[in-house]
Amino acid sequence: MYLENLDLNFIQPCTTDSNRIRIRGSFSRNIEDLFPYLNTYLKTGIYNQKAGTLTFNYGPKIIIIYKEEVAVSKLLNETDAFETLDYIKNLINDCADKREEIIPNEEMRKLPSPIDVYEFLPKINCGKCGVATCLAFSTKLINGTFKPNRCVHLGERGNEKNKEEVEKIVLMIGYDI
Ligand code: SF4
């Protein structure tokens, strides 16, 4: 078997939704050689070769695969965590088993742009995040300089859905939140 074990390392509440949890798990081997195959196999994931991450959605969950570990956010509970780790392990092993039939792909699918983030921001250009405009803030998020919680207004009541969307984009690129 390509990947023997995927062990749960830690469980923490999600930073945005305390009813959900996020986890990290470690692989029993380095899976970097499989990334170009997983990139083809997953079809909708984002492979960021420079960051060494492969990110994709599994229902509402966001999974970030690194070469030696995996991070999953927006899980319901511990049962969901263990089931999701099983799913990831099986996915990796299925992909490894079918490697001969898969055409490896090193290309990165289109990354979200600052405009994609801007759509979910308050658009009031208050400057409280340290840059003058919400669009400048979007750019900082996309290049990994800022984290979503730097926008004080995004954390206000009524903005929960927008905050979730912004965080989803940031996670999809492969950054932590
Ligand atoms: S704090 Fe939020 S609302 Fe204010 S400029 Fe920055 S991104 Fe825009």
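## Starting at Arg29

Where does Arg29 lie? Arg29 belongs to the loop that runs between strand S2 (21-27) and helix H1 (35-42). Keep in mind that this is a predicted model.

Is Arg29 buried, exposed or partly exposed? Its relative accessible area is 32%, and because the partly exposed class covers values between 20% and 50%, Arg29 counts as partly exposed. If you skip residues up to four places away in sequence, Arg29 touches Tyr2, Leu3 and Lys67. Val166 is another matter: Arg29 and Val166 are 137 residues apart along the chain, and 32 Å separates their C-alpha atoms.

## Ser73 in strand S6

Now for a residue in a strand. Ser73 is part of S6, which spans residues 69-75. With a relative accessible area of 9%, Ser73 is buried, since the cut-off for that label is under 20%.

What does Ser73 contact, once neighbours within four places in sequence are left aside? The partners are Cys14, Ile21, Arg22, Lys61, Ile62 and Leu171.

## Helix H4 and its buried face

Helix H4 takes in residues 134-142, and its buried residues are Cys134, Phe137, Ser138, Leu141 and Ile142. Looking down the H4 axis, you'd find these buried residues within an arc of 135°, so they line one face of the helix. The spacing fits a familiar rule: an α-helix has 3.6 residues a turn, so residues three or four places apart point the same way.

What do the buried residues of H4 pack against? They pack against two helices, H3 (114-118) and H5 (160-173). After H4 comes Gly144, which has a positive phi, near 85°.

## Around the ligand

Which residues surround the ligand? The list is Pro122, Ile124, Asn125, Cys126, Gly127, Cys129, Cys134, Phe137, Cys151 and His153. Two of these names, Cys134 and Phe137, also turn up among the buried residues of H4.

Sorted by class, the shell has seven nonpolar residues, three polar ones and no charged ones. As for the space the ligand takes up, that is the second largest cavity.

## Val152, in the loop after H4

Val152 sits in the loop between H4 and H5. Its relative accessibility is 44%, so Val152 counts as partly exposed.

How far is Val152 from Cys126, C-alpha to C-alpha? The distance in space is 9.9 Å, with their positions 26 residues apart in sequence. Cys126 itself is one of the residues around the ligand.

Conventions
Residues numbered from 1 in each chain as written. Predicted model: local features only at pLDDT ≥ 70, side-chain atom pairs only at ≥ 80, totals over all residues. Heavy atoms only, no water. Near = heavy atom within 4 Å. 1 Å grid on protein atoms, 1.4 Å probe; cavity = no way out; pocket = protein on both sides within 12 Å on 5 of 7 lines; lining within 4 Å. Sits in = over half its atoms within 2 Å of the grid points. Nonpolar A, V, L, I, M, F, W, Y, C, P; charged D, E, K, R; others polar. Buried < 20%, exposed > 50% of the residue type's maximum accessible area, 1.4 Å probe, protein only. Helix = DSSP H or I, 4+ residues; strand = E, 2+ residues; numbered from the N terminus. Arc of directions from axis to C-beta. Contact = heavy atoms within 4.5 Å.
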